[in-house]
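Student: I should like a close look at a single part of this structure, the network of salt bridges. Which residues are linked in it? Please then set the answer in a wider account of the model.

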Amino acid sequence: MKYFLFLMLAPSVIFSQVSSKDSEIKKYVSEVSSDSLKSYINKLVGFNTRHTLSAIDDQNKGIGAARNWVLGKFTDYAKNSEGRMDVYLQQQDIQPDGKRVDQITNLGNPIAYLKGTDSNDKRIFLISGHLDSRVTDVMNRTSFAPGANDDGSGVSAVIEAARILSRSKFPASVIFVAFSGEEQSLLGSKLLAEKAKNENMQIEAVLNNDMIGNAKAGETNEINNNTLRVFSEGLPYLDLDKKAMGIRNLGLENDGESRQLARYIKETAEKYVKKLEVKLIYRNDRFLRGGDHSSFVNYGFPSVRLTEYYENYDHQHQDVRMENGKQYGDLPEFIDYNYLKKNVAANIAVLASLAKSTAKPENVEIEVKALTNSTTLHWKKPKSGLPIGYYVLVRETDSPAWQKKIFTKDLSIKVPLSKDNYIFAVQAVNQTGNLSIPVIPVIAR
């Protein structure tokens, strides 16, 4: 075990390979095409409506035609995967619920599952958007509901990620999914999250994209095409009653797994995407509202919502109409495709970084046998992958982001920093500089 002097916290200790960009990921980011994104959204708008309760047997209109088209895109891209990408429609008949479903409805989630190359690596990373659209009346299944931004933008991110990453050979697996039923109470995401829980799938990150293409605020007309919001819970929804005392004792109210994922997204996206700021929002979702990532949060999977900085309510959940000289409705002409391109690139950079990394360090612990002004941490190697070393992450308790990183090749470290004043975590780093998600230590037993 090494004892690191405080001088080691200077920026110069950051391992040089990590501060550089992975050339493979740079290539993926450069391949994101605004023309491709525009073509996807125009095609989705062309289905007239993608309402969950709309027709499933019409070849040209409705949710059935839309999900078949997405499956077709996935199938085309699967040809690049050397047999590692499985494409299928997860289906289930939903019964009327007296709320937002008034008829027996065949719910379907188009899915592409890109299997990792390492059979010992069980990690799965998931990117999603929701396929369904709506107008003002959430039960209106026939009117023109273009859904260009909500959530054609999110689905376009999923399709573009599948196109670009289908050729990749990551050790871990990636799921690309376009959920149905989001507007009818998150039905499609609940279906997949429940399956993941029942089958003990090791989903370590859910990147849910819902409205990532609008740059103009509705009331003020302010424009922000450089900021992407990431919503994440701080306290875990699942089993909070059992975990609350430990969280309070250790001062970890701001360090749930979804919050760690959000910090990872900020660091990685800003590293690879020019002129993009990732804004961490300390809420699971927008004020009193929800999205598909919540279905996974409720089962304990680290999950976040990525969304534009401003919402424009003139173009969200609106009947398409002209009123007092103002155009209402979620039409494709209100998409900022350069902004959308940056946000999609951020998703792809994060997905690739996660899937290329080793697994997280195991059994990360902090020693508390004696009262000291130093801190001792130790851990075990990841279950999969070959790390070249580890970062010990340090931040003051009131800091939103990690402030310093200390590199070590050892499985333990002692730093002259008080546990009272700092939060610590450990992450693994591999030969290409890709980082695992940080792990907060538990009390050593």
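**The salt-bridge network and its setting**

Tutor: A network of salt bridges links Asp210, Arg229, Asp285, Arg286, Arg289, Arg305 and Glu311; a salt bridge here is a side-chain nitrogen of Lys or Arg within 4 Å of a carboxyl oxygen of Asp or Glu. The model is a predicted one, in which local features need pLDDT of at least 70 and side-chain atom pairs count only at pLDDT 80 or more, whereas totals for chains, interfaces and linings use all residues. Residues are numbered from 1 along each chain as its sequence is written, and side-chain values use heavy atoms, with hydrogens and water left out.

Searching the whole structure gives 23 salt bridges. One of them pairs lysine 326 with aspartate 314, at 3.4 Å from N to O. Lysine 326 belongs to strand 11 (residues 326–328) and aspartate 314 to the loop between strand 9 and strand 10 (321–323), so this salt bridge ties together parts that are twelve residues apart in sequence. Helices (H or I, at least four residues) and strands (E, at least two) are DSSP runs numbered from the N terminus. Aspartate 314 counts as buried at 17% relative accessibility, while lysine 326 is partly exposed at 37%; buried means under 20% relative accessible area, exposed over 50% and partly exposed in between, with a 1.4 Å probe and protein chains only.

Arginine 321 and glutamate 323 form another salt bridge, with 2.9 Å between the closest N and O atoms. Both partners are partly exposed: arginine 321 has a relative accessibility of 26%, and glutamate 323 has a relative accessible area of 34%. In the salt bridge of lysine 27 and glutamate 31, the N to O distance is 2.4 Å. Lysine 27 is partly exposed at 47% relative accessibility, as is glutamate 31 at 27%.

Charged groups also meet rings. A charge sits over a ring if NZ of Lys or CZ of Arg is within 6 Å of the ring centre and within 35 degrees of the ring normal. The charged end of arginine 259 is placed over the ring of tyrosine 282, 4.0 Å from the centre of that ring. Arginine 395 lies over the face of tryptophan 402, and its distance from the ring centre is 4.7 Å.

Contacts between rings come next. Rings of Phe, Tyr and Trp (its six-membered ring) pair if their centres lie within 6.5 Å; planes under 30 degrees apart count as stacked, over 60 as edge-to-face and the rest as tilted. Eight aromatic pairs are found in the whole structure. With ring centres 5.0 Å apart and planes at 75°, tyrosine 309 and tyrosine 310 form an edge-to-face pair. Tyrosine 422 and phenylalanine 424 form a tilted pair, 6.5 Å centre to centre with 45° between the planes. Tyrosine 422 and phenylalanine 424 are both buried, whereas tyrosine 309 is partly exposed at 30% relative accessible area. Phe179, Phe296 and Phe301 make up one aromatic cluster.

Several backbone features lie in loops. Aspartate 150 and aspartate 151 are joined by a cis peptide bond with omega of about 5°, and aspartate 151 is in the loop between strand 4 (123–130) and helix 5 (152–165). Methionine 211, not a glycine, has a positive phi of about 70°; its place is the loop between strand 6 and strand 7 (227–231), where methionine 211 is buried at 2% relative accessible area. Asparagine 200 likewise has a positive phi, about 55°, without being a glycine, and is found in the loop between helix 6 (187–198) and strand 6 (202–209). At 68% relative accessibility, asparagine 200 is exposed.

As for the whole protein, it has ten helices and 18 strands. Its radius of gyration is 22 Å, close to the 22 Å that the globule rule gives for 445 residues, so the protein is as compact as a globular protein of that length; the radius is taken over C-alpha atoms, and the rule is 2.2 Å times the number of residues to the power 0.38. The C-alpha trace spans about 65 × 45 × 40 Å along the principal axes. Of the 445 residues, 58% are buried.
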